[in-house]
2 protein chains.
Amino acid sequence: MDSYTIGIDLGGTNLRIAAYAPGASNQQFLARVDLPTRVGAGPASVVKEMAEAIRGLAEGLPRMELRGVGLGTPGPLELPAGILHGLPNLPGWDRFELRREFECALAGAGVRCPVHVESDANVAALAECVLGAGSALGVDSLCMLTLGTGVGNAIILGGAIFSGAHGMAGEAGHLTIWPDGVACNCGNTGCLEVYASATAVRRMAEGAADSGVAPGLKAWRESTGALDAQAVFQLARQGDRDALGIFTTVGIALGIALAGLVNTLDLRLYVVGGGLAGAWEFFSPAMLRELNTRSYVYRLVNERLTDRRIAIVPAVLGPDSGLLGAALLALGAQSREPEI
Amino acid sequence: MDSYTIGIDLGGTNLRIAAYAPGASNQQFLARVDLPTRVGAGPASVVKEMAEAIRGLAEGLPRMELRGVGLGTPGPLELPAGILHGLPNLPGWDRFELRREFECALAGAGVRCPVHVESDANVAALAECVLGAGSALGVDSLCMLTLGTGVGNAIILGGAIFSGAHGMAGEAGHLTIWPDGVACNCGNTGCLEVYASATAVRRMAEGAADSGVAPGLKAWRESTGALDAQAVFQLARQGDRDALGIFTTVGIALGIALAGLVNTLDLRLYVVGGGLAGAWEFFSPAMLRELNTRSYVYRLVNERLTDRRIAIVPAVLGPDSGLLGAALLALGAQSREPEI
């Protein structure tokens, strides 16, 4: 009997669930369900909704065996317990026992199979490793930065998610870049996230427009009423000096962070994903220049060990990477006990 | 037949070689040889000298089986090839094929056994994990910072050295702390190493003495002619404000670095070793304050998961940790293929 897994991408806005046949390539799901995440209804209700949707998918595949369910969730997620802690985008979910409650809801819906839970950044990186940039380069380890509302991060070693002792490895979005810099929601100042996220691009653009020295940004705001990362990207494409300068700051911050990650981890592949990675052409020159200056490991390897160069690349997979990674997680082969 | 291993600590000044019986605790070597490292004679000559000393040790233990030889060397060391690259303290050794040449020299001396090579910071951390701070806490993973002439770093995961794809993981001594800071030999500016090494303490003390605003440091230099890290430590013990201020800078830099490492790796144990770690009482308050402010992973785990707290501790083992770690490396059980 052919088998399949089910992946779930639980976001603050969208809840995506899909059935995946092992060996299929990206986005070739057997079936999928897309729902809004009813955050306000509370975690118990959302988990029940997930379980019902999974039962529906499973009933539609009666001649196949469900090997497991993988769930990618916003973090921090305590592992192995599977407990959520203080999620900024899911108020009221703090200390929710996600793994246990989800297993109970699945059993209640009559679905019996192993359950795997991981943070969303980790499962997206797993997909990128197994089916994206990692497989393209022929490596099974990578470090990924995801530039979205915040900056997500994940480390994959030997084809498995590296979760750390408590499930909280891969928070390099909160590496300190400028110690006396902008305040971050995490309590630190000068985090990577406050210089290299879509939120940061918008903040920098608003600041430049307010200052009166960035006429292009100011004019855009006056004509459209908004100045988000997409607007800054459009202005950069038109050659606007101030928009380009914002992406240079993004690149410098990323380069400093990557230099630290390369010096610490010495992996062969670092992937930059998320919506803001679409502006690769604008931030990557500064990023690579900074990395080359600040990491002697990067220089040494790429000058001398040319058959095993260190690669910094944009993500290959699209927005379904989290869903795909959750489905891969459910295969179980990728699970590694947290190191303690 | 009882067995033993031989560990070698190859330094820029001293060459230490010892025979170790598995299971023995720290510093209980069966026999040891301490020699000066004749750097000027060239690497081939030093390697031959090592092989002869090993033959001598082995001849003194005729009724025991030599299981393997472990060699800790200054890095960067390319693995698995075992080639040295651009060593600042061993001029003329660049691109030396240490593993191959050492194996040939051992064969020439009539010693036949497996050979393991690793960087000195890595083997010292292995010893600290297996027989020092790691075993004291009951964990088999840690990240270590060694504060000496420079700042060494190593990562141990699941009882094995994490070498990275090219043998160059664990260069967190070159994490960027202040992007526009002091120039480092590695080509970067503002590295941890230029704020938290013995060399950095001396530089900061000299600068303070020159500035005319640090009377205690100035008076010490005038009366002794020198102002090294040990002198700054003595002045700090006497309550000298400027000496204490230097250790506060050391602590802040270490705290920023540790916050990044905790956020990235999420291990349970971080060990600070090396000569300068003797000033723990003076730098650790600022270090822990900075870490607590800058790492929400540290705060979250230590406030909520109190049975699995993250510990930051001084090294337990003394200056023989490198020798001991090299001997442990030779047991082979700790060797893990580099992740690629």
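1. On helix H2 of chain B, B:Cys104 and B:Gly108 are exposed, on the side away from the buried residues. The model is predicted, and the points below should be read with that in mind.

2. Helix H2 of chain B covers residues 98-108, and its buried residues are B:Leu98, B:Phe102, B:Ala105 and B:Leu106. Viewed down the axis of H2(B), these buried residues fall within an arc of 100 degrees, so they line one face of the helix. The general background is that an α-helix has 3.6 residues a turn, so residues three or four places apart point the same way.

3. What do the buried residues of H2(B) pack against? Their partners in chain B are strands S1, S4, S5 (77-78), S6 (83-84) and S7, together with helix H1 (43-59). Just after H2(B) comes B:Gly110, with a positive phi of about 80 degrees.

4. Three of these elements, S1, S4 and S7, also appear in an open sheet of chain B, which has five strands in the order S3-S2-S1-S4-S7 and mixed pairing. Strand S3 (29-36) and strand S7 (115-119) form the edges of the sheet, each pairing on one side only. On average, neighbouring strands are turned by 15 degrees against each other, direction ignored.

5. Within the sheet, strand S1 (residues 3-10) of chain B runs parallel to strand S4 (residues 65-73) of chain B, and seven bridges join the two. In this pairing, B:Gly7 stands opposite B:Gly70 of S4(B).

6. Two helices of chain B should be noted against the sheet. Helix H3 (residues 120-131) of chain B packs on the sheet and touches strand S2 (14-20), S4 and S7 of chain B. The direction of H3 makes about 100 degrees with that of S7(B). Helix H12 (residues 321-329) of chain B lies across S1, S2, S3, S4 and S7 of chain B, and runs at about 135 degrees to S1(B).

7. In chain A, how do helices H6 and H7 lie relative to each other, roughly parallel or roughly perpendicular? The axes of helix H6 (residues 198-211) of chain A and helix H7 (residues 215-224) of chain A cross at roughly 100 degrees and come within 8 Å. Angles of 65 to 115 degrees count as roughly perpendicular, and H6(A) and H7(A) are therefore roughly perpendicular to each other.

8. The contact between these helices brings A:Ala205, A:Glu206, A:Ala208, A:Ala209 and A:Asp210 of H6(A) to A:Leu217, A:Lys218 and A:Arg221 of H7(A). By class, the contact residues are four nonpolar, no polar and four charged.

Conventions. Residues are numbered from 1 along each chain as its sequence is written. Chains are lettered from A and ligands numbered from 1 in the order in which they are written. This is a predicted model: local features need pLDDT of at least 70, side-chain atom pairs count only at pLDDT 80 or more; totals for chains, interfaces and linings use all residues. Side-chain values use heavy atoms; hydrogens and water are left out. Two strands pair if DSSP finds at least two bridges between them. Helices (H or I, at least four residues) and strands (E, at least two) are DSSP runs, numbered from the N terminus. Axes are lines fitted to C-alpha atoms, for helices over the stretch in contact, and angles run from 0 to 180 degrees between N-to-C directions. Contact means heavy atoms within 4.5 Å. Buried means under 20% relative accessible area, exposed over 50%, partly exposed in between (1.4 Å probe, protein chains only). The arc is that of the directions from the helix axis to the C-beta atoms. Angles under 35 degrees count as roughly parallel, over 145 as roughly antiparallel, 65 to 115 as roughly perpendicular and the rest as oblique. Ala, Val, Leu, Ile, Met, Phe, Trp, Tyr, Cys and Pro count as nonpolar, Asp, Glu, Lys and Arg as charged, and the others, Gly among them, as polar.
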